Structure formats: C-alpha cells, structure tokens
Amino acid sequence: MMAAAARAGAGAGAGAVVALLLLTMIAMPPPAEAHLQIGAYNETCPQAEEVVLKEMTAMVGKSPDLAGAVLRLFSVDCFVGGCEASILLDSTADSTAEKDAPLNEGVGGYEAVDAIKAKLDGACPGVVSCADTLALAARDSIRLSKGPFIPLPTGRRDGNRSVAADVALNSPAPGATIADIIALFATKFNLTAKDVAVLSGAHTIGKARCSAVSPRLYNFGGQKGASDPTLDASYTATLRGECKPGDNATLVNLDPTTPTVFDTSYYALVAGKRGLLSTDAALLLDPTTKAYVSSQANATSPDQFFADFAASFVAMSKLGALTHHNGEIRQACSKINPPSSAGGAAAARSRRHLTATAGLLATLAVALVL
Ligand code: HEM
C-alpha cells in the first residue's frame, strides 16, 4: 500500500517534471540560431547579398556618412527587441514607435534601407525581410569603410512590435557608467565585457551630434563651465570650437583621425583621452575593457580587431532574431503588413498554429500530471 502510494507519488513527480519541461518549452522563444544560416537566400533569392552590396556601394559613394548611420541603425534595432526591424516601423495613431523615442533622435539611414528593400523586392518579390536587408546593409557599411568582410547568417524575419518606451529600458543611457553598460550587455544581450569593448570599436566611423558631447565640454558633473578632466585638454578646446554652447545639432566625427575608415585608430584615441563620448572614455575604467583598448591602441595590424569585431557583430546580429514561423516578410519596412496580405495572412496563420500547439502541449502536460 505504502509502496503503491510511493510509486504513485513518484509517478506524479515524474509527470510534474515532464509537465514543467513542456510548459517551459511553450514559454521559450524558438532558438533563432537554429534557423539563421549563411546564405539563407541562396535558393530563394540568390542575388540578394549582391543587390545589397551594389546599392550600398552606390549610396555610400554619394553620401559617405551613410555607412556610420546604417551601422548604428542596425545596433539600435538589435538592442531593442532583437534584430527584427522594429526600428524601421513608423509610429501609428495608437502607438509611438522606437524610431520616435528621444534616445533615437539622431538615428538615420531609414531611406537607404527602404531603397535597398525596393531593389530586392524588384529582384525577388516578398522574399527578403527588412531585418535581413538592414543586417546585410550594416555588414556592408563595415566592408565599404575598409573594415573586414563579415560572412553574416541570414533568415531573420520582421517583427510587429515597436514601442518607444522599450528604447530607454534596453539601451545604454547617455552618461551610463561602464558598469551599467557591461551589466546591460550581460543581462539583456548575453554579451561580455569584451564584446562591449569590441563593439564600441564601431565608433571608428560615423558622427555624433554636439548634444552627445556638450555636457563634457561645458557642464561636466552638472557644474556650469566645467569640462571633463578625463578628456584631453587640447581636444576639449577643438571640440568647443566645433560645438558652441547650446548647439545640439552640429555633427562631429567620432574618430577625427580617420573618420570614414574602419580601423583601430578609435582605440588609440580612447587610450589617449580622446574618446569623444563619455561612454568611449569609460572603457578605460574597467579592467577588461581597458585591457582591450590598450591591446588595440598599440596593435601593428587590424587583424585581431577585425576577427574580434566579426565575432561580436555576428553575436549581436542574432539577438532576438525571428525565424521559421515567427514574424513576417514586410512589404514596406515602415509598416506591418495588412492582415489581408499574403505575408500578413501567413503571420496570422503562424500565430494561430503556435497558439494551437501551445494549447495541445498544455493539455498533454496536465494529462501527464493527472
Ligand atoms: C556600447 C554602447 C554604445 C553606446 C553608449 C553608444 C552610443 C552612441 C552615441 C551616443 C552616438 C551618437 C549619437 C548621436 O549623436 O545622435 C553613437 C553613434 C554611433 N554608434 Fe554607438 N553606441 C554604442 C554601441 C554601438 C554599437 C554596438 C554600434 C555598432 C556595432 C555602434 C555604432 C555607432 C555608429 C556607427 C555611430 C555613428 C552614427 C552616425 O554616423 O550617424 N554603437 N553611439
């Protein structure tokens, strides 16, 4: 009797474990990595990567600033809700989108992504997602700035959530400490302190608005007229010439030595107290990030940085990627598909399918417990 009760107890225990496992599976997002792969469009749109490179080459040739803009656009997409093109969605009457969040005021490159997507849709209608268009364009920004060619897994699909309030919760705040940034990368993105140092190397190209640096020049620590003592004095003077008090809009180079070249000079600048943003300078305040800055500041070749950047960039590019039945292939990158469209209907079907599967698994789990 007791043995039977014990067996029954053990059975219920095992059932509960199985049920728990099943319920965990239902709650977990599908592993994106399993479905992202190099050359995901080889069969469906073999010319996709070529089209992106061709368009980016033409556009960056005309407007060199676009390389930095598109690279940043991709990072802000990935950090908020994953690399699923939510940054490209426009606000609607009901909801303010990520792109209209105060922290994203200086973000640009949207039109470039739209133009590339239009070319892709001309070649292979409705096949390549906006998320992959942006990812590949960002990858090419690096290559076109004489940085490494990074083989990039594709197969991302587009999400349908873009909420301005998500931005501040998932992005490094403007005066964030290095501890804040490392903690954010670790807890939200599963990225390491080394990734922080490596990915910050993207600031070897591109520009920032004066508003991003002015507090270091005129109002350090909230003290009127004070400048940041960790910023080289002659660089402070130069920057004060470029960014007059109250000027928030003028753009300054993040890496004035080689502003359009993806190289290690960013690290030499940071090591020499010439990192433009306070978050660049902050890399010197943590042992891991400081060691990386020192190693690259003195590097005789960019090879190590290029290899490290490629690895961290690919890791970032996989954040929260939607694959398989999740998400959709947007027709216009700024809008989710209308429910009546093929893509919208497919997304709705996949949502129904997922709900049905979840229901079935839950029923199974309960049956096992009983
Ligand atoms: C470590 C955390 C990061 C912080 C705190 C940060 C912060 C910033 C800020 C404040 C700006 C200037 C924005 C403006 O003035 O409007 C900027 C620009 C930029 N960021 Fe970052 N960033 C970070 C990580 C990244 C990553 C991971 C990438 C890409 C892999 C990236 C690429 C860029 C680029 C290319 C620009 C120049 C944009 C342009 O030329 O339009 N950043 N970043």
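Which residues does UniProt list for "binding site"? The unreviewed entry names D77, V80, G82, S86 and E98. This report starts from those five residues in a predicted model.

## Confidence and overall make-up

The protein averages a pLDDT of 88. A score of at least 70 is reached by 83% of the residues. Two stretches fall below 50. Residues 1-31 stay under 50 in pLDDT, and the model gives them 21 contacts beyond four places in sequence. Residues 347-370 are also below 50. That second stretch has 26 contacts beyond near neighbours in sequence.

The protein has 15 helices and four strands. Of its 370 residues, 41% are buried. Many contacts reach far along the chain. Among those between residues at least 6 apart in sequence, 76% join residues at least 24 apart.

## The listed binding site

The residues from the UniProt record span 22 residues in sequence. No two of their C-alpha atoms are more than 12.3 Å apart, so they gather at one spot.

Two of them deserve a closer look. G82 lies in the loop between α3 (66-79) and α4 (110-123). Is G82 buried or exposed? It has 24 other C-beta atoms within 10 Å, and 20 or more count as buried, so G82 is buried. Leaving out residues up to four places away in sequence, G82 touches L319, G320 and A321.

S86 is placed in the loop between α3 and α4. S86 counts as buried, with 27 C-beta neighbours inside 10 Å. Beyond four places in sequence, its contacts are D77, V80, G81, E98, G159, R161 and S162. D77, V80 and E98 among these contacts are on the UniProt list.

## Around the ligand

The shell around the ligand holds 24 residues. Which of them come nearest? They are G68, G106, A202, G206 and A208. Three elements give two or more residues to this shell: α3, α8 (193-200) and β3 (207-209). The most come from α3, with five residues.

By class, the shell has twelve nonpolar residues. Another eight are polar and four are charged.

## L36 and its distant partners

L36 sits in the loop between α1 (2-27) and β1 (37-38). It counts as buried, with 21 C-beta neighbours inside 10 Å. How far apart in space are L36 and T323? Their C-alpha atoms are 7.2 Å apart, although 287 residues separate them in sequence.

T323 is one of several contacts of L36 beyond four places in sequence. The others are P153, T154, G155, R156, K318 and A321. A321 is also touched by G82. A321 thus appears in the contacts of L36 and in those of G82.

## Helix α5

Helix α5 covers residues 130-144. What span should its 15 residues have at 1.5 Å a residue? The expected value is 21 Å. The end C-alpha atoms are 20 Å apart, which agrees.

This helix is mostly covered, with 14 of its 15 residues buried. An α-helix has 3.6 residues a turn, so residues three or four places apart point the same way. After α5 comes K146, whose phi is positive, near 70°.

Key:
Residues numbered from 1 in each chain as written. Predicted model: local features only at pLDDT ≥ 70, side-chain atom pairs only at ≥ 80, totals over all residues. pLDDT = per-residue confidence, 0-100. Contact = placed C-beta atoms within 7 Å. UniProt positions renumbered as here; feature names shortened; annotations may be inferred. Buried ≥ 20, exposed ≤ 12 C-beta atoms within 10 Å, placed from the backbone. Near = placed C-beta within 6 Å. Nonpolar A, V, L, I, M, F, W, Y, C, P; charged D, E, K, R; others polar. Expected span 1.5 Å × (residues − 1).
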